[in-house]
Amino acid sequence: MDASSVRIRFTLNGQPRSAEFPADTTALKLIRDVLKLKGTKEGCGIGECGACTVIVDGKAVNSCLMLAAQLDGRTVQTIEGLGSPEALHPLQEAFVKEHAVQCGFCTPGLLMSTKALLDINPAPTRAEISKAIAGNLCRCTGYRHIFASIEDAAHTRKEQT
Amino acid sequence: MSRLHYIRPETLAEALDHLDRHGSRNRILAGGTDLVVDLRNGDARPEFILDVSRLHELKGIDVTPEGVSVGAGVTLSEIQSSDVLERHAPALRKCSFTFASRQVRNVATIGGNVAHCSPCGDTVPPLVIHEARAVLASRRGLREVLVEDIASGPYACSLPPDELILRFILKPAADVTFADFQKIGRRRELVIARINAAAMARQEPDGRLSFFRFSLGSCTPTPHRMPEVESCLDGRVPTAELVWEAGRLLAERTIAITGRRPSTIYKEAAIHGLLVRMLHPLVTS
Ligand SMILES: Cc1cc2nc3c(=O)[nH]c(=O)nc-3n(C[C@@H](O)[C@@H](O)[C@H](O)COP(=O)(O)OP(=O)(O)OC[C@H]3O[C@@H](n4cnc5c(N)ncnc54)[C@H](O)[C@@H]3O)c2cc1C
Ligand code: FES
Ligand code: FES
């Protein structure tokens, strides 16, 4: 569809950014195709798999269900803002340690859902973890290792504070 | 082909001006969880998208002299964490727990859920048992309609394109001792309802129901109250036999509306069972 262009300013992984794109661009398309941050994945494109999860103003959302224009003035975190190859985020470390990654397609989305949970609830119960990641599908691991790594990361964090 | 424009009004007046001029070529955007999917698959081809998600007139959950006011722009996550709703509209709060996923609840709004007019909209049966009215605004002024009357059929909204839903007004559940929302789907999480229902009641110390409201969704083209089922129970003591009878009546009334279909064999038993299970806490022997 032909669309007029929209200009926005927002904060992406701690940095102020501006971007211009056609009005029908989704937030996922902006992140992957315009800004070239390929960590955020497109699975289903219709809100069912969670591979595209990013954090907007502290809340986990599906970037495939959002227009990029809706990000104007917002604070956005993607997987690229979580840790770096040299210095993994404790959650990423826990996912590696507990073998919670197989093909890895679901991992960025799962990490963002989990980060949003731990930011408001540092010691979640198993039921609370389950509610927070129910919108993130994993076809490989069977979830057991994912739960273990989230519990491990929450536990480590508690010991450190 | 015309170009798509994204508009984010600063004020309600600006939004209503835009709808007055371009309503028929416009789609309102709140959370986008329905609209962005419709844009993607070509079901919606507007020239304008009006983003109302930042208008403060559509926000907030308050107790007012008219009733409990829930802004059209209130998200399902806000409904889930609302103490006001836990006190005054517990069935509405309960529906948020099984609604989609955390990511969807964080942006999906109650106004969008109602305006989308899906027969399976989970907020509709809870609104209907509170005889909720939608407050609508346009350049022509304000008016109110019953939520039950907004959908004219599956995915068919009866509201004219220049009107914006501002908020919903629910009759508070005065002295209600029981309220519930139930949904049956194909799996436990992230599931669109095949059957959903909301009920609330006031049970007197002698067991009699002095007030009873019930609404069914998903099974009929639009969710609505079931007067026959309400009057079967209202004013009476809900014995196991009476509740069984009410369940049978509910299934019978539903089939009378939809006609017999291949799925009826499953739905008849499921609807019957749903009501019996739902009202079990009220049963007095
Ligand atoms: C994966 C997934 C799972 C889901 N699960 C469920 C579920 O379990 N239960 C359920 O009920 N729904 C479910 N839904 C649908 C649900 O997310 C939507 O119905 C949502 O509530 C719509 O709100 P929104 O703010 O996202 O609306 P939008 O997509 O922004 O808008 C939806 C429609 O309403 C109109 N609209 C929005 N606001 C107004 C207003 N103030 N006045 C007039 N018109 C307005 C829009 O023009 C549009 O036509 C699911 C969706 C997805 C993607
Ligand atoms: S790609 Fe967004 S939820 Fe699947
Ligand atoms: S690791 Fe492959 S989908 Fe989760």
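**Reading the labels in a predicted model**

Visitor: What makes K36(A) count as exposed?
Guide: Its relative accessible area is 57%. The label exposed is used over 50%, so K36(A) at 57% earns it. Keep in mind that this is a predicted model.

Visitor: Where is K36(A) found in chain A?
Guide: K36(A) sits in the loop that runs between α1 (27–34) and β3 (53–56) of chain A. The backbone is worth a look too: K36(A) has a positive phi of about 60° although it is not a glycine.

Visitor: Which residue of chain B that is not a glycine has a positive phi of about 75°?
Guide: That is S218(B). It is placed in the loop between β13 (209–217) and β14 (224–225) of chain B.

Visitor: Is S218(B) buried or exposed, and how do you know?
Guide: S218(B) has a relative accessible area of 11%. Buried means under 20%, so S218(B) counts as buried.

Visitor: Why is L71(A) called buried?
Guide: The relative accessibility of L71(A) is 1%. Since that value is under the 20% cut-off, L71(A) counts as buried. L71(A) belongs to the loop between β4 (59–62) and β5 (75–77) of chain A.

Visitor: With which residues is L71(A) in contact, leaving aside neighbours within four places in sequence?
Guide: In chain A the partners are I8(A), R9(A), F10(A), A27(A), L30(A), V56(A), M66(A) and V76(A). R54(B) of chain B is also in contact with L71(A).

Visitor: How far apart are the C-alpha atoms of L71(A) and A94(A)?
Guide: They are separated by 30 Å, with the two positions 23 residues apart along the chain.

Visitor: What makes A148(A) partly exposed?
Guide: A148(A) has a relative accessible area of 25%. Partly exposed covers values between the 20% and 50% limits, so A148(A) falls in that class. You will find A148(A) in helix α5 (residues 144–160) of chain A.

Visitor: Which residues does A148(A) touch, not counting those up to four places away in sequence?
Guide: A148(A) touches E98(A) and R126(A). The C-alpha atoms of A148(A) and E98(A) are separated by 6.7 Å, although the two residues are 50 apart along the chain.

Visitor: How do you know whether N113(B) is buried or exposed?
Guide: The relative accessible area of N113(B) is 12%. With buried meaning under 20%, N113(B) is therefore buried. N113(B) is part of helix α7 (residues 110–116) of chain B. Apart from neighbours within four places in sequence, N113(B) is in contact with F99(B), G121(B), D122(B), T123(B) and V124(B).

Visitor: Why are α2(A) and α3(A) called oblique to each other?
Guide: The axes of helix α2 (residues 90–97) and helix α3 (residues 107–120) of chain A cross at roughly 125° and come within 10 Å. That angle lies outside 65 to 115, the roughly perpendicular range, and is not over 145, where roughly antiparallel begins. The pair is therefore oblique. The crossing of α2(A) and α3(A) is right-handed.

Visitor: Which residues make the contact of α2(A) with α3(A)?
Guide: L91(A), Q92(A) and F95(A) come from α2(A), while T107(A), L110(A), L111(A), T114(A), K115(A) and L118(A) come from α3(A). Sorted by class, the contact of α2(A) with α3(A) has 5 nonpolar, 3 polar and 1 charged residues.

Visitor: What makes α3(A) oblique to α4(A)?
Guide: The axes of α3(A) and helix α4 (residues 126–133) of chain A cross at roughly 130° and come within 9 Å. Roughly antiparallel needs an angle over 145 and roughly perpendicular needs 65 to 115, so α3(A) is oblique to α4(A). The crossing of α3(A) and α4(A) is right-handed. Its contact is made by L110(A), S113(A), T114(A) and L117(A) of α3(A) with E128(A), I129(A), A132(A) and I133(A) of α4(A). These residues divide into 5 nonpolar, 2 polar and 1 charged.

Visitor: Into which domains is chain A divided?
Guide: Chain A has domain 1 (5–81) and domain 2 (90–160). The C-alpha centres of domain 1 and domain 2 of chain A lie 21 Å apart. Their contact takes 16 residues from domain 1 of chain A and 12 residues from domain 2 of chain A.

Visitor: Which domains does the assignment give for chain B?
Guide: It gives domain 1 (5–51), domain 2 (56–170) and domain 3 (178–282) of chain B. Between the C-alpha centres of domain 1 and domain 3 of chain B the separation is 36 Å.

Technical notes:
Residues are numbered from 1 along each chain as its sequence is written. Chains are lettered from A and ligands numbered from 1 in the order in which they are written. This is a predicted model: local features need pLDDT of at least 70, side-chain atom pairs count only at pLDDT 80 or more; totals for chains, interfaces and linings use all residues. Side-chain values use heavy atoms; hydrogens and water are left out. Domain bounds come from an automatic or database domain assignment. Axes are lines fitted to C-alpha atoms, for helices over the stretch in contact, and angles run from 0 to 180 degrees between N-to-C directions. Helices (H or I, at least four residues) and strands (E, at least two) are DSSP runs, numbered from the N terminus. Angles under 35 degrees count as roughly parallel, over 145 as roughly antiparallel, 65 to 115 as roughly perpendicular and the rest as oblique. A crossing is left-handed if the near helix is turned anticlockwise from the far one by less than a right angle, and right-handed if clockwise. Contact means heavy atoms within 4.5 Å. Ala, Val, Leu, Ile, Met, Phe, Trp, Tyr, Cys and Pro count as nonpolar, Asp, Glu, Lys and Arg as charged, and the others, Gly among them, as polar. Buried means under 20% relative accessible area, exposed over 50%, partly exposed in between (1.4 Å probe, protein chains only).
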